[in-house]
Amino acid sequence: MTRLQRWIIRVTLPAVALVFSALGVLAQQGDKGFVPLPPGQSLQEQLPATPLVFTAYAFVWVALLVYVFILFSRLKKVERELADLRSKTRASRA
Amino acid sequence: MTSHSRLVPLLLGVAVVMFAAAPFVIDTAPYESSMGLVQRIFYFHLGAAMTMLTSGLVCGIASARYLAKRSASADHLAYAAVELAVLFGTMVLVTGPLWARKAWGVWWDWEPRLTSTLVMYMLFVAYLLLRRFGGAGSEVLSAAIGLFGMALVPFVYISVNLWRTLHPKTSVLPTLPKPMLVPALFCLAAFLILYWALLLIRMRMEAARAEIDAAYLSLED
């Protein structure tokens, strides 16, 4: 065994040991953080779908109603302005 | 204009009746086996998305016509179509994440369908901003943006087939079982009829605005 190989073994072995011991510590911490579901128990749904479905449909309805209301208000305003201008144009011609 | 004034109330009436009946029609659809209740967002999401894509196509064709012939009515149509594309695009971008939150576990994912839809939506918003604040001559530049928006429409549609993605593919609609297909087509028809009515109203408003501009010019002369 050459001097370089001996040196590599001296450095590598402690490094590998350090990594494995760190993984062991992390694994123990993981055991504390994640608790497995006891056998025979079923998991309840965490995120109910009803509020999401309700929000989606409500948003579409409200957006359409608001847009239609704004559109008709704008149209009314523009048509009123046009009628005023037409009468002014007629008056200026006469 | 007279035929429009008769057609618009009819279309609006049909759309209102269909939207009022939509919850009852959707209620007849069975639950999807893996997603359950949240899949029901699909029926309005699909209608809004197809209407947005239709509006993008209408805008692009009208913009091309405006660029070629400088037709004022084509410009009015493009402007109206873009505003509606933004309206229905907003619905798509709100209902989609609400569905994704439950189905995928996230509100948003940077996958091809969602990203390309967002880019197209932003192009249409840019069109509206340009028309609102761009001043004289912004019609030509915004028509070019409208063309880019239309170019994205087929890309948005087939993106789910070209790349591996979380989003359902285009084959979903033709392969739907009849109890799910009927509500989907019903909602799609409701959205498209409403779109047609709103487009005619919006065009009428643009025509009136153009007439106002012309009247001011004649008064100044």
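Me: I'm new here. What makes up the secondary structure of chain A?
Reply: Chain A comes to 2 helices and 0 strands. Keep in mind that this is a predicted model.

Me: And how many of the residues of chain A count as buried?
Reply: Just 6% of the 94 residues in chain A. To earn that label, a residue needs 20 or more other C-beta atoms within 10 Å of its own.

Me: Okay, on to chain B. What pattern does chain B follow along the sequence?
Reply: Reading along, you get α-α-α-α-α-α. That fits the count for chain B, which has 6 helices and 0 strands. Its C-alpha atoms fill a box of roughly 70 × 40 × 25 Å along the principal axes, and 40% of the 221 residues of chain B count as buried.

Me: How far apart in sequence are the residues that make contacts in chain B?
Reply: Take the contacts in chain B with a separation of 6 or more: 76% of them come from residues 24 or more positions apart.

Me: Why are α2(B) and α3(B) called roughly antiparallel?
Reply: Start with the angle: α2 (residues 41-69) and α3 (residues 72-103) of chain B pack at about 155°, and their axes are 7 Å apart. Anything over 145 degrees counts as roughly antiparallel, so α2(B) is roughly antiparallel to α3(B). The crossing of these two helices is left-handed. As for what sits in the contact of α2(B) with α3(B), the residues divide into 21 nonpolar, 8 polar and 3 charged.

Me: Which loop holds Arg70(B)?
Reply: Arg70(B) is in the loop between α2 and α3 of chain B.

Me: How do you know that Arg70(B) is exposed?
Reply: Count the neighbours: Arg70(B) has 12 other C-beta atoms within 10 Å. The cut-off for exposed is 12 or fewer, so Arg70(B) is exposed.

Me: What is there to say about phi of Arg70(B)?
Reply: Phi of Arg70(B) is near 55°, which is positive, and this residue is not a glycine. For background, most residues other than glycine have a negative phi.

Me: Last one: how many residues of chain A are in contact with chain B?
Reply: On the chain A side there are 24 residues, in contact with 28 residues of chain B. The side of chain A that touches chain B splits by class into 15 nonpolar, 4 polar and 5 charged residues.

Me: What makes two residues a contact here?
Reply: Their C-beta atoms have to lie within 7 Å.

Terms used
Residues are numbered from 1 along each chain as its sequence is written. Chains are lettered from A and ligands numbered from 1 in the order in which they are written. This is a predicted model: local features need pLDDT of at least 70, side-chain atom pairs count only at pLDDT 80 or more; totals for chains, interfaces and linings use all residues. Ala, Val, Leu, Ile, Met, Phe, Trp, Tyr, Cys and Pro count as nonpolar, Asp, Glu, Lys and Arg as charged, and the others, Gly among them, as polar. Axes are lines fitted to C-alpha atoms, for helices over the stretch in contact, and angles run from 0 to 180 degrees between N-to-C directions. Helices (H or I, at least four residues) and strands (E, at least two) are DSSP runs, numbered from the N terminus. Angles under 35 degrees count as roughly parallel, over 145 as roughly antiparallel, 65 to 115 as roughly perpendicular and the rest as oblique. A crossing is left-handed if the near helix is turned anticlockwise from the far one by less than a right angle, and right-handed if clockwise.
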